[in-house]
Amino acid sequence: MADNAPINGKPSNKIVANGSWSKGGTSPRSAVPPTPLPTPDPNAISGLIGKAKSLIDSYASRGVTQNKRVDEAVKQVRILSCHGNPELGISPCQGRRESVAEAGRYFCGECGCGDRAATWLNNKTDEDYSKLDFPRVSCPMNMPGFTNYTERSKETVERCMKYDFTRKEQIERHIALTIKQTDAPSV
Ligand code: SF4
């Protein structure tokens with residue numbers, strides 16, 4: 001019997017030369033295309049690399065044994081950036097979160113560093129070493145006092161759509177005013 005001879009009046013199936021399964025002379029069935037693998041998001045990858053770099057930079061600035069701390073004046077600006085100041089009418093940062101790990105602590109919900117002692121944004125004792133004590137430390141909103149600080153006027157449209165930089169303006173005005181008052185000649 002021929003390879004494609006009819007069986008019970010119906011044409012039989014056969015394998016054609018290209019390896020596809022054919023039904024009695026009809027066109028070959030096309031192969032099912034493989035499911036494409038998801039393409040990694042380059043922005044997500046570069047974001048992760050950026051976070052890792054800034055974390056390494058922060059730990060290097062602390063020193064292995066010396067526990068170096070940032071200048072106190074800079075730390076006060078960072079405190080204002082993260083926690084605000086009700087007396088100055090500056091609210092806490094939109095990225096600040098209350099710690100679940102320890103009551104009375106805060107951490108940054110924007111940077112992805114998590115809720116743990118090394119990333120808390122406040123000290124309870126002089127011995128505590130918080131995120132704001134690192135000589136070099138980055139802020140996702142590039143707020144005043146942080147190593148990657150960017151002036152409000154230089155923020156991009158995309159970032160202005162993502163973040164409310166009203167607080168940044170308030171803090172910049174407050175710092176400018178403080179510097180002016182400090183520099184004013186005494187009479
Ligand atoms: S985004 Fe910056 S200013 Fe806001 S909580 Fe995080 S580190 Fe602090």
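Contacts between residues distant in sequence come first. In this predicted model, 38% of the protein's contacts with a separation of 6 or more join residues 24 or more positions apart. Burial can be put beside that figure. The protein has 187 residues, and 18% of them count as buried.

Next, the secondary structure. The protein holds 4 helices and 4 strands. Along the sequence they run β-β-α-α-β-β-α-α.

Helix 2 deserves a closer look. It covers residues 72-83, 12 residues in total. How far apart should its ends lie? The expected span is 1.5 Å times one less than the number of residues. At 1.5 Å a residue, helix 2 should therefore span 16 Å, and its end C-alpha atoms are indeed 16 Å apart. Expectation and model agree.

Which residues of helix 2 are buried? They are V77, R78, L80, S81 and C82. A charged residue, R78, is thus listed with V77 and L80 among the buried positions of helix 2. These buried residues have two packing partners: strand 3, residues 96-98, and helix 4, residues 166-183. Just after helix 2 comes G84. The phi of G84 is positive, near 70°.

C82 leads on to the ligand. This cysteine is one of the buried residues of helix 2, and C82 is also among the residues that come nearest the ligand. The others named there are C93, G95, C108 and C139. How many residues surround the ligand? There are 13. By class, the shell divides into 9 nonpolar, 2 polar and 2 charged residues.

Note on methods:
Residues numbered from 1 in each chain as written. Predicted model: local features only at pLDDT ≥ 70, side-chain atom pairs only at ≥ 80, totals over all residues. Near = placed C-beta within 6 Å. Buried ≥ 20, exposed ≤ 12 C-beta atoms within 10 Å, placed from the backbone. Contact = placed C-beta atoms within 7 Å.
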